[in-house]
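The exercises below concern a ligand site, a chain interface and some backbone details. Each task is followed by a worked solution.

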Amino acid sequence: MGGGVAAFSAASELRARGYDGALTLLSPEGAPYDRPPLSKGYLLGTEDAAKIALAAEGWYAEHEVEVVAERAVALRPAEAAVELGDGTLLRADRVLLATGARPRPLAIPGGEAAYTLRDRADADALRGILVPEARVVVVGAGLIGTEVASAAVSFGAQVTLVDPVDPPLVPAVGEALARRLHAMHAEHGVRSIASVPLGISASGDGSHVVRLADGSALEADAIVAGIGIVPASRLAAEAGIEVDDGVLVDASGATTNPAVFAAGDVSRLRKPDGILARRAEHWEAAVRSGQAAAASMLGQAPPETGAPWFWSDRYGVHVEAVGTLDGRAGGSTVLREVDGVPQAAFLLADDGHLLGAAAVDLPLLIRAARRIMDRGLTPDRAALADPAVPARRLLP
Amino acid sequence: MSEGIDVGSPDEIEAGTARVVEPEDSGFVDPIAVFHTESGCFFALNDTCTHEEASLAEGWIEGDTVECPLHSSSFNLRTGKVLCLPATEDARTHKVAVEDGRVVLYPGVAADPARAAD
Ligand SMILES: Cc1cc2nc3c(=O)[nH]c(=O)nc-3n(C[C@H](O)[C@H](O)[C@H](O)COP(=O)(O)OP(=O)(O)OC[C@H]3O[C@@H](n4cnc5c(N)ncnc54)[C@H](O)[C@@H]3O)c2cc1C
């Protein structure tokens, strides 16, 4: 169930592992496409719908994957079936829930006026409003809010970014890089305000006024909210599967119902010690969890997954991070700087192991860091900090 | 396009790195990356990732694969086969040979996956 990268990766992994039975992809929007470009190339108009497809048109026929452009309305594990809107029951021995998430609604008076970004149709709608001179207020300076702000200024809109956290993204990239990245808004003419919106009211001419907690008010032709996501887990909950801010799964994607697996943004990992992990909400985690679920649906051992990784592209720079840069639980940070400007940050545990790394426009450093983490190596601090040491030399 | 192009001597391209041959030098429409693997083999692929604008020559070269520096799609250097998302299309291969102590690239001539220049 789902037409995102988790469902697609699971389908392709099932075939790669030799499953040759019937395989249906319930994907309400038709052929699966990739979401990250929706706030990047697709929004900017440099990539079209064909470019963001997750597979060439012929792939589905070639791999005997039937794409059914329908939404499931109920899971019926007791009958080994999934129910569609018209009452049709699709029989299934195993069901993968990969229904992703919906944008968290802006829960303030008038908040329904805000646009959100999750689907291709949302991106198409945004392209209609991010126009020259439009006054755009972006609520939330996370990855999506930031990328939308970056796209909006490139279209000539006047953009204000509102987020209570200054700077955002510290747990993901560390304080130094978070500051550098946040400063880029001002450098590109995006005003940022550390506050929260309290309410939105319509002015007669089709524009809006956004009132903020700091007492100020912003006039806006369009408001975009990127304040997080809510997992699309309702059908699982209704079917009696355990849900707690996401469908609870183990590392193999198994839910509390033996016929139902879950992967991607809809899922939340329960670790072997019972502790619930943070939902991953990133592309690669969706791919890997889809693949893991495919393996376990076939009764095979899921592949090892390494440290979580994500990227973000904004204002022409490419940001990547692996693991965690959240130093609150301990560890110490090593910075790689050029002329006082941080290029990369590393978080090291007290015993010298690498816990995470983040970098701006230095992707090979992150590729090195991933391997250091996956192999459990203890890197040399001086080498990590030295811009003259190429990424490859960080590994033995 | 079967004329070979001298890309340099084998030790001019450090093992684990790649050199880009531009269209004006190769006569081929796209830039070509000539890879020198840690194990001493030479391979060539179209330099631009089949997913988005990124130079595979700047990627992470390990064993017989290169990982794109932008979104981490990997390609088999021998066959050009894409090994993981987000790219969905294989990369085009070009034949490379070490001839008389020189690395010679044959732009537009598909590599023979069974043999590698070393
Ligand atoms: C604009 C944007 C930019 C992003 N950029 C990045 C980035 O730069 N880097 C990064 O690492 N991550 C990024 N992400 C996150 C990444 O795209 C997601 O983590 C990933 O798409 C999750 O995949 P998924 O398959 O779990 O869910 P989704 O992609 O949300 O797919 C869910 C699918 O389920 C379908 N569905 C829902 N309900 C039903 C139902 N009842 N029946 C049948 N089907 C149903 C939906 O139609 C959809 O096809 C971005 C996300 C967005 C939205």
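**Exercise 1. Describe the ligand shell by residue class, nearest residues and contributing elements.**

Solution. The shell around the ligand divides into 16 nonpolar, 8 polar and 7 charged residues. The model is a predicted one, and totals for linings use all residues.

Step 1, nearest residues. There are 31 residues around the ligand, and those that come nearest are A:G3, A:R35, A:K40, A:R118 and A:D265.

Step 2, polar atoms. The side chain of A:K40 has an N or O atom 2.6 Å from an oxygen atom of the ligand. A:D265 places a polar backbone atom 2.8 Å from a ligand oxygen, and for a polar backbone atom of A:A6 the distance to a ligand oxygen is 2.9 Å.

Step 3, burial. The ligand taken alone exposes 1000 Å², and the protein buries 94% of that.

Step 4, elements. Two or more residues of the shell come from each of α1 (5-16), α9 (283-297) and β19 (309-314) of chain A.

**Exercise 2. How much area is buried between chain B and chain A, and which residues of chain B lose the most?**

Solution. Step 1, area. About 1700 Å² is buried between chain B and chain A, and carbon and sulfur atoms give 51% of this area.

Step 2, main contributors. On the side of chain B, the residues that lose the most area to chain A are B:W60, B:H71 and B:L85, which together make up 37% of what that side buries.

Step 3, residue counts. Chain A brings 26 residues to the contact and chain B brings 20 residues.

**Exercise 3. Which polar and charged pairs are found across the interface of chain B and chain A?**

Solution. Step 1, salt bridges. The rule finds 6 salt bridges across this interface. The side chains of B:E62 and A:R375 meet in a salt bridge with an N to O distance of 3.6 Å; the cut-off that admits a salt bridge is 4 Å.

Step 2, polar contacts. Between chain B and chain A there are 13 residue pairs in polar contact, both residues being at pLDDT 80 or more.

Step 3, the side of chain B. Strand β5 (residues 60-62) of chain B gives the most to the side that touches chain A, with 3 residues. By class, that side has 7 nonpolar, 7 polar and 6 charged residues.

**Exercise 4. Why does the salt bridge of A:D221 and A:R135 tie together parts apart in sequence?**

Solution. Step 1, the total. Over all chains, the structure holds 29 salt bridges.

Step 2, the pair. In the salt bridge of A:D221 with A:R135, the closest N and O atoms are 2.8 Å apart.

Step 3, the positions. A:R135 lies in strand β8 (residues 135-139) of chain A and A:D221 in the loop between β13 (217-220) and β14 (222-225), so the pair ties together parts that are 86 residues apart in sequence.

**Exercise 5. Where are A:P167, B:P86 and A:A80 placed, and what does the backbone do there?**

Solution. Step 1, background. Most peptide bonds are trans, and most residues other than glycine have a negative phi.

Step 2, cis bonds. The peptide bond from A:D166 to A:P167 is cis, with omega near -5 degrees; A:P167 is in the loop between β9 (158-162) and α6 (170-173) of chain A. B:L85 and B:P86 are joined by a cis peptide bond with omega about 5 degrees, and B:P86 is in the loop between β7 (74-76) and β8 (93-99) of chain B.

Step 3, phi. A:A80, a residue other than glycine, has a positive phi near 50 degrees. A:A80 is found in the loop between β3 (72-76) and β4 (81-84) of chain A.

Methods. Residues are numbered from 1 along each chain as its sequence is written. Chains are lettered from A and ligands numbered from 1 in the order in which they are written. This is a predicted model: local features need pLDDT of at least 70, side-chain atom pairs count only at pLDDT 80 or more; totals for chains, interfaces and linings use all residues. Side-chain values use heavy atoms; hydrogens and water are left out. Contact means heavy atoms within 4.5 Å. Buried area is the accessible area (1.4 Å probe) that two parts lose on being put together, summed over both. A polar contact is a pair of N or O atoms within 3.5 Å; within protein, one must be able to donate a hydrogen and the other to accept it, and residues adjacent in sequence count only if both atoms are side-chain atoms. Helices (H or I, at least four residues) and strands (E, at least two) are DSSP runs, numbered from the N terminus. Ala, Val, Leu, Ile, Met, Phe, Trp, Tyr, Cys and Pro count as nonpolar, Asp, Glu, Lys and Arg as charged, and the others, Gly among them, as polar. A residue is near a molecule or strand if one of its heavy atoms lies within 4 Å of it. Accessible areas come from the Shrake-Rupley method with a 1.4 Å probe; for residues, only the protein chains shown count as cover.
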